[in-house]
Amino acid sequence: MTAPGENLRINGDRLWDSLMEMAKVGPGIAGGNNRQTLTDADAEGRALFQSWCEEAGLTMGVDRMGTMFATRAGADADALPVYVGSHLDTQPTGGKYDGVLGVLGALEAVRTMNDLGIRTKHPIVVTNWANEEGARFAPAMLASGVFAGVHSLDYAYGRKDLEGLSYGDELARIGWKGEEEVGARKMHAYYELHIEQGPILEAEGKEIGVVTHCQGLWWLEFTLTGREAHTGSTPMAMRVNAGLAAARIFEMVQEVAMAAQPNAVGGVGQMQFSPNSRNVLPGTVVFTVDIRTPDQAKLDRMRAEIETRAAVICEDLGVGCSVEPVGHFDPVTFTPDLVGAVRSAAEKLGYSHMDIVSGAGHDACWAAKVAPTTMIMCPCVGGLSHNEAEEISKDWAAAGADVLCHAVLETAGIVE
């Protein structure tokens with residue numbers, strides 16, 4: 001087996017054309033995409049992807065969660081496959097690249113291997129995980145979570161959208177309910193290419209992010225209980241102001257996150273006042289604190305400090321306080337050998353690169369529970385994602401797919 005030479009490059013024009021063709025399926029209203037899980041648009045995108053896989057000589061398999069596995073045979077029939085992929089589903093107002101680059105970049109790597117007549121010892125499987133986004137059926141990363149044993153199949157099938165339609169029924173309706181047992185496949189390794197969804201790579205002028213970790217996360221839902229009262233006629237000293245308590249907690253979360261630097265974040269993105277009237281102090285305030293860091297001990301400390309200090313803030317104001325964890329996953333450390341393969345590929349190809357921590361959750365986070373795993377990131381303009389204005393350059397896409405191709409070949413083994 002020999003390593004691929006530095007002159008081996010994917011076809012950047014073909015990759016870009018594929019991205020633009022897929023973007024025609026489930027168009028948004030402002031230049032992006034609305035191709036949510038198990039919609040008719042999702043079914044159309046899946047069919048297009050399947051047709052491209054068949055043209056590339058790949059054999060398609062589908063599991064009972066609807067995840068698609070397109071296999072390129074290896075020279076060793078007994079060797080475990082190298083899996084490569086991401087997701088084709090989008091947010092309701094999603095971009096053209098989030099997830100899609102990882103699936104079509106993997107397909108382009110295989111197309112390039114075909115063009116050059118490269119054979120590998122290990123099979124290569126291009127993967128489209130179902131329901132990564134979780135926009136229609138919560139939680140996110142649902143199919144890969146079932147694959148990794150985090151969720152049961154019954155739990156996943158029972159998830160419902162806002163209209164009360166279930167995952168299991170909708171999967172059957174669009175015709176992509178496969179027969180394979182979820183998680184039965186064994187992986188030699190898993191690679192995922194993704195846009196950064198943040199501003200760091202662009203700001204640092206780097207073409208490739210070598211992803212070393214994925215942040216752990218806690219979503220803590222606070223319910224603060226005060227006393228509804230007229231804002232004009234209630235003396236300041238006689239108020240039980242849940243809104244004031246919330247404001248002080250917001251500031252405290254900022255302090256905790258800043259004190260936990262580097263590599264820690266915290267904030268509040270969702271809040272509900274009740275009764276939400278301009279001249280009534282709120283009786284109830286509900287909000288979710290989102291804290292993330294790749295350091296498990298730091299994540300635990302941040303949660304404990306936030307909950308302890310919030311209780312003191314509320315007690316001082318006479319406000320009731322309850323906290324419910326509504327989302328969590330532990331930090332992920334990606335496999336050093338695979339991280340090294342990505343770094344070596346970037347260096348060999350002459351691409352500027354830096355180590356980076358993924359700020360968002362990805363299917364790779366669950367895949368890491370069952371196989372050696374890592375990720376590759378490319379920049380996105382302004383760090384904007386989950387937005388129809390999401391944008392990357394053709395050169396960034398090609399660089400990411402080049403590094404992906406080389407790293408996969410290093411792991412899959414080239415056969416002379």
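**Exercise 1. Find the loop that holds Pro139, and work out whether the peptide bond before it is cis or trans.**

*Solution.* Start with the place: in this predicted model, Pro139 sits in the loop between strand S5 (124-128) and helix H4 (142-147). Next, look at the bond from Ala138 to Pro139: omega is near 5°, and the bond is cis. Now try another proline, Pro262, in the loop between H8 and S10. The bond from Gln261 to Pro262 is also cis, with omega near 5°.

**Exercise 2. Check the span of helix H8 (residues 242-259), then describe its start and its surroundings.**

*Solution.* Step one is the length. H8 has 18 residues, and at 1.5 Å a residue it should span 26 Å. Its end C-alpha atoms are 26 Å apart, so the two values agree.

Step two is the N-terminal end. Asn241 caps it, with a side-chain oxygen 2.9 Å from the backbone nitrogen of Gly243.

Step three: which residues of H8 are buried? They are Ala242, Gly243, Ala245, Ala246, Ile249, Met252, Val253, Val256 and Ala257. Their cover includes strands S8 (216-225), S10 (265-274) and S12 (284-293), along with helix H9 (296-317).

Step four: pick out Leu244, which is in H8 too. With a relative accessible area of 33%, Leu244 is partly exposed. Leu244 is 37 residues from Leu281 in sequence, yet their C-alpha atoms are 9.5 Å apart in space.

Finally, bring in the record. The unreviewed UniProt entry carries the annotation "domain: Peptidase M20 dimerisation" for residues 215-311. That span is 35% helix and 35% strand, and its end C-alpha atoms lie 26 Å apart.

**Exercise 3. Do the same length check for helix H12 (residues 394-412), and say whether H12 is enclosed or open.**

*Solution.* H12 has 19 residues, and the expected span at 1.5 Å a residue is 27 Å. From first C-alpha to last, H12 reaches 26 Å, close to that value. Now for burial: 16 of the 19 residues are buried, so H12 is largely enclosed by the rest of the structure. Right after H12 comes Gly413, with a positive phi near 80°.

A positive phi turns up in residues other than glycine as well. His386, in the loop between strand S16 (373-378) and H12, has phi near 50°. His386 is partly exposed, at 40% relative accessibility. Gln197 has phi near 65°, and its place is the loop between strand S6 (189-195) and helix H7 (200-204).

**Exercise 4. How many salt bridges are there, and which parts of the chain does the pair Glu108 and Arg14 link?**

*Solution.* First, the idea: side chains of opposite charge can pair when their charged atoms come close. The count here is 17 salt bridges.

Take Glu108 and Arg14, whose side chains meet at 2.8 Å, N to O. Glu108 is in helix H3 (residues 100-116) and Arg14 in helix H1 (residues 12-23), so this pair, 94 residues apart, links distant parts of the chain. Glu108 is buried, at 0% relative accessibility.

Compare that with Asp42 and Arg46, a salt bridge with its closest N and O atoms 3.3 Å apart. These two are four residues apart in helix H2 (residues 40-55), which means about one helical turn separates them. Asp42 is buried at 4%, and Arg46 is buried at 1%.

Another pair to find is Asp290 with Arg292, at 2.9 Å. Arg292 is buried, with a relative accessible area of 16%. Then look for a network: salt bridges link Asp40, Arg136, Asp161, Glu170 and Arg173.

**Exercise 5. Count the disulfides, then explain why Cys380 has no bond to Cys378.**

*Solution.* The cut-off you need is a pair of cysteine sulfur atoms within 2.5 Å. Using it, you get zero disulfides. For Cys321, the nearest cysteine sulfur belongs to Cys314 and is 4.0 Å away. Cys321 is partly exposed, at 34% relative accessibility.

On to Cys380: its closest cysteine sulfur is in Cys378, and because the gap is 7.3 Å, that is too far for a bond. Cys380 is buried, with 0% relative accessible area.

**Exercise 6. Is Ser166 buried or exposed, and what is it in contact with?**

*Solution.* Ser166 lies in the loop between helix H5 (153-157) and helix H6 (167-173). At 12% relative accessibility, Ser166 counts as buried. Leave aside the neighbours within four places in sequence, and its contacts are Phe137, Tyr157, Arg159 and Lys160.

How values were computed. Residues numbered from 1 in each chain as written. Predicted model: local features only at pLDDT ≥ 70, side-chain atom pairs only at ≥ 80, totals over all residues. Heavy atoms only, no water. Expected span 1.5 Å × (residues − 1). Buried < 20%, exposed > 50% of the residue type's maximum accessible area, 1.4 Å probe, protein only. Contact = heavy atoms within 4.5 Å. Polar contact = N/O pair within 3.5 Å; in protein donor to acceptor, adjacent residues only side chain to side chain. UniProt positions renumbered as here; feature names shortened; annotations may be inferred. Salt bridge = Lys/Arg side-chain N within 4 Å of Asp/Glu carboxyl O.
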